[in-house]
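Here are my notes for you to read next to the model. I have kept them as numbered points, so feel free to take them one at a time.

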Amino acid sequence: MEQESETTMKLFSHPISSCSRRVRLALHLKGLKYELINVTSGGDPELLKVNPMGYVPALVDGTTVVSDSYAILLYLEEKFPQHALLPQDLIKKSINYQVASIVSSSIQPLQNMTLVNYIGELVGPDEKLPWAQYHIRKGFVALEKVLANHAGKYATGDEIFLADLYLAPQIDNALNRFKVDMTDFPLLLKLNKAYSEVPSFQQILADKPQEPSDFIKLQ
């Protein structure tokens with residue numbers, strides 16, 4: 001029997017935050033009800049009450065508060081086992097962990113608003129986009145190699161797992177916010193096409209920045 005939360009969970013989020021999108025995708029895939037609270041500033045007083053760092057996402061489940069997308073995803077996986085985010089096969093499970101780590105540690109922080117703006121101040125505003133593109137491409141080179149012998153319809157087979165929750169928002173960011181040339185990444189483009197056909201992915205990835213300059217405003 002599926003375990004249910006006693007109260008409706010609350011998710012502090014932002015529509016184009018890739019970290020928030022990972023969690024929203026997991027909540028949708030697991031069929032969990034939640035209240036979505038979109039914040040527009042890291043200084044939002046309600047957000048600061050649950051996450052003093054002022055970052056999204058932050059999940060409130062009754063008296064439990066979990067921030068950081070990776071911690072939230074593991075929490076959801078432990079408490080709500082329906083639609084498992086990790087395969088049983090140990091090798092495929094390790095690939096999911098690797099993909100999540102590459103995206104969350106080697107790509108996303110280096111395209112983060114704070115760092116990109118600092119690069120602009122340190123070197124010049126025209127260096128912001130090239131900086132982000134360089135680090136996204138470097139990570140994508142690694143991801144193509146990691147997934148080469150494991151991908152099916154999705155990253156590690158024909159079911160959606162943790163790796164896909166990290167890849168879908170990151171690829172979307174690369175294409176639509178950072179204008180990365182994806183010619184060298186046919187596998188990631190193939191996965192992106194598969195994601196575009198999944199209703200929950202369509203819904204959550206639909207929000208786009210209004211102007212190209214929005215990439216410097218929020219990560």
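**Notes on the fold and the domain contact**

1. The sheet is a good place to start. In this predicted model, 4 strands make up an open sheet with mixed pairing, in the order S2-S1-S3-S4. The edges are held by strand S2 (34-38) and strand S4 (64-67); each has a single partner strand, so one side of each has no neighbour in the sheet. From one strand to the next, the twist averages 15 degrees.

2. Next, please look at the pairing of S1 with S3. Strand S1 (residues 9-13) runs antiparallel to strand S3 (residues 58-61), and 3 bridges link the pair. If you want a residue to find your way by, take lysine 10, which stands opposite valine 60 in S3.

3. S3 also pairs with S4, again in the antiparallel sense, over 4 bridges. Here alanine 58 has serine 67 in S4 as its bridge partner. The two strands S3 and S4 form a hairpin with 2 residues between them, and glycine 62 in the turn has a positive phi of about 65 degrees.

4. Two helices lie across this sheet. Helix H1 (residues 18-29) lies across S1 and S2, and its direction is at about 150 degrees to S1. Helix H3 (residues 69-79) lies across S1, S3 and S4, running at about 135 degrees to S4.

5. Helix H2 (residues 45-50) has a salt bridge within it: lysine 49 and glutamate 46 both lie in this helix, 3 residues apart, about one turn. The closest N and O atoms of lysine 49 and glutamate 46 are 3.1 Å apart. In total, the structure holds 6 salt bridges.

6. Two backbone details deserve your eye. Most residues other than glycine have a negative phi, and most peptide bonds are trans. Valine 56 and proline 57, however, are joined by a cis peptide bond with omega of about 5 degrees, and proline 57 sits in the loop between H2 and S3. Aspartate 68, a residue other than glycine, has a positive phi near 80 degrees; aspartate 68 is found in the loop between S4 and H3.

7. Now for the domains. The protein is divided into domain 1 (10-79) and domain 2 (90-206). Their centres, taken over C-alpha atoms, are separated by 20 Å. Domain 1 gives 14 residues to the contact and domain 2 gives 18 residues.

8. How much area do domain 1 and domain 2 bury between them? The value is about 1500 Å², with 66% of it on carbon and sulfur atoms. On the domain 1 side, Arg21, Arg22 and Leu25 lose the most area to domain 2, together 41% of what that side buries.

9. Which side chains meet in a salt bridge with a distance of 3.1 Å, N to O? They are those of arginine 21 and aspartate 172. Between domain 1 and domain 2 the count is 1 salt bridge, and 3 residue pairs there are in polar contact.

10. Finally, the helices come back into view at this contact. H1 and H3 each supply at least two residues of the side of domain 1 that touches domain 2. The largest share of that side, 9 residues, comes from H1. H1 is also the helix that lies across S1 and S2, which ties the contact back to the sheet description in the opening points.

Technical notes. Residues numbered from 1 in each chain as written. Predicted model: local features only at pLDDT ≥ 70, side-chain atom pairs only at ≥ 80, totals over all residues. Heavy atoms only, no water. Pairing = 2+ DSSP bridges. Axes fitted to C-alpha atoms, helices over the stretch in contact; angles between N-to-C directions. Contact = heavy atoms within 4.5 Å. Domains from an automatic or database assignment. Buried area = accessible area lost by both parts, 1.4 Å probe. Salt bridge = Lys/Arg side-chain N within 4 Å of Asp/Glu carboxyl O. Polar contact = N/O pair within 3.5 Å; in protein donor to acceptor, adjacent residues only side chain to side chain.
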